[in-house]
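Trainee: Hi! Could you walk me through this one? I'd like to start with how far to trust it.

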Protein chains: 2
Amino acid sequence: MEYTIRPAREEDMPAVHRLITELAIFEKEPNAVEVTVEKLKEDGFGPEPRFRCFVADSGMGVDGMALVYPRYSTWKGPALHLEDLIVTEPARGSGLGSALLTEVIRHARDTGAKRVSWEVLDWNEPAIRFYKSRGARILRDWDVVQLDERGIDHYLQHYAGL
Amino acid sequence: MEYTIRPAREEDMPAVHRLITELAIFEKEPNAVEVTVEKLKEDGFGPEPRFRCFVADSGMGVDGMALVYPRYSTWKGPALHLEDLIVTEPARGSGLGSALLTEVIRHARDTGAKRVSWEVLDWNEPAIRFYKSRGARILRDWDVVQLDERGIDHYLQHYAGL
């Protein structure tokens, strides 16, 4: 299988959105995707892009993507976060995910990031094995905490008198 | 105890750095802090700040801080990440941590964030109880993955022929 890894363009966003939805189904949260194609275009390609995206392009279409943005570690300094790395089901096992990850790590080095971080579901053993084989550490004792939009409103109503 | 929650200024960075080091000791990683006071000034107060910081100021000094930056959820859209929320040992239990968290949530709402995220050590039960009481979800099945600076170099040498 031949493909090119390249920075995503605005017109790739419908394909990127399809991949995001495909992953949400895999992660058993099919209705969680509230972001639209228009929102991805606006947030990724405006005057102050909120993320950077790479796609795997086979010439026939986009079969995978990696979406990243900067973070900041108070221990290490500037870092890069990999929010999603998604390969469409039929293209798995072709080395495409690995090629996308390599592009992300290269981008991290080129932009002076001291760390690349991402998150993985603890039951996704094939992914965990792959990441470990590439030298990543799995921090099993750290949990992700989230306050969603309703939680934000609720919090402010109850604890900030707003 | 009286204090003001306000945006950090460049001259607060020595105090912020002391708090970062204090937390690293609590988390049993006293040597992990590579960031310097100068680096915090540069990264937080340059033309393109990499983070935003709030401090709790008692008039006698800075007793707590919260450090945040934007993230991007491919499900929800723009999000805010709370990297650190630190209260100095003697000031704990005074409501200062809670006031800093409220300021962060307010900042999230004001900047249109659809989610606030952070990470917690799974043995830090008092913190987990506090976050849950404020409506946050603890995602126990997600693990944090990190590739550090040496890992980045090693990866690129072995998997990208660089």
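Trainee: So what is the mean pLDDT of chain A?
Mentor: This is a predicted model, and the mean pLDDT of chain A is 94. In that chain, 99% of the residues reach 70 or more.
Trainee: And what ipTM does the predictor give the complex?
Mentor: The ipTM is 0.93, and the pTM is 0.93 as well.
Trainee: Okay, on to the two chains. How many residues of chain A are in contact with chain B?
Mentor: There are 62 from chain A, in contact with 62 from chain B. On the chain A side, they divide into 32 nonpolar, nine polar and 21 charged residues.
Trainee: How are the two copies related? What turn lays chain A on chain B?
Mentor: A turn of 180°, with a shift of 0.0 Å along the axis, and the RMSD is then 0.0 Å. That is why we can speak of a two-fold axis here.
Trainee: Which C-alpha of chain A is nearest that axis?
Mentor: The one of D143(A), which is 3.2 Å from the axis.
Trainee: Why do you say the copies meet through the same surface?
Mentor: Because 100% of the interface residues of chain A are also interface residues in chain B.
Trainee: Nice. Which strands are joined between the chains, and do they run parallel or antiparallel?
Mentor: Strand β7 of chain A, residues 142-148, is joined to strand β5 of chain B, residues 115-121. They run antiparallel, with seven bridges between them. For one pair to look up, find D148(A), which stands opposite R115(B).
Trainee: Let me follow β5(B) back into its own chain. Which strand does β5(B) pair with in the parallel sense?
Mentor: With β4(B), over two bridges. You can spot H81(B) opposite S117(B) there.
Trainee: What lies with those two strands in the β-α-β unit?
Mentor: Helix α3 of chain B, residues 96-110. Together, β4(B), α3 and β5(B) make a right-handed unit.
Trainee: Is β4(B) mostly covered or mostly open? How many of its residues are buried?
Mentor: Mostly covered: this strand spans residues 77-87, and 10 of its 11 residues are buried.
Trainee: And how many bridges join β3(B) to β4(B)?
Mentor: There are 10, and β3(B), residues 62-73, runs antiparallel to β4(B). The two form a hairpin with three residues between them. L67(B) and D84(B) stand opposite each other in that pairing.
Trainee: New topic: loops. What is phi of K28(A) near?
Mentor: Near 65°, a positive value in a residue other than glycine. Most residues other than glycine have a negative phi.
Trainee: Where is K28(A) found, and is it buried or exposed?
Mentor: Look in the loop between α1 (13-26) and α2 (37-45) of chain A. K28(A) has 8 other C-beta atoms within 10 Å, and 12 or fewer counts as exposed, so K28(A) is exposed.
Trainee: What about phi of K28(B)?
Mentor: Phi of K28(B) is also near 65°. K28(B) lies in the loop between α1 (13-26) and α2 (37-45) of chain B, and with 8 C-beta neighbours inside 10 Å it counts as exposed.
Trainee: Last one: where does A160(A) lie?
Mentor: In the segment after α5 (149-159) of chain A. A160(A) is partly exposed, with 14 other C-beta atoms within 10 Å.
Trainee: Which residues is A160(A) in contact with, leaving aside its neighbours within four places in sequence?
Mentor: T102(B) and R106(B). As for K28(A), A160(A) is 132 residues from it in sequence and 34 Å away in space, C-alpha to C-alpha.

Technical notes. Residues are numbered from 1 along each chain as its sequence is written. Chains are lettered from A and ligands numbered from 1 in the order in which they are written. This is a predicted model: local features need pLDDT of at least 70, side-chain atom pairs count only at pLDDT 80 or more; totals for chains, interfaces and linings use all residues. Two residues are in contact if their C-beta atoms, placed from the backbone, lie within 7 Å. Ala, Val, Leu, Ile, Met, Phe, Trp, Tyr, Cys and Pro count as nonpolar, Asp, Glu, Lys and Arg as charged, and the others, Gly among them, as polar. Two strands pair if DSSP finds at least two bridges between them. Helices (H or I, at least four residues) and strands (E, at least two) are DSSP runs, numbered from the N terminus. Copies are superposed by least squares on the C-alpha atoms of residues with pLDDT of at least 70 in both. A residue is buried if 20 or more other C-beta atoms lie within 10 Å of its own, exposed if 12 or fewer, and partly exposed in between; C-beta atoms are placed from the backbone. A crossover is right-handed if, with the strands pointing away from the viewer, the path from the first strand over the helix to the second runs clockwise. pLDDT is the predictor's confidence in each residue, from 0 to 100.
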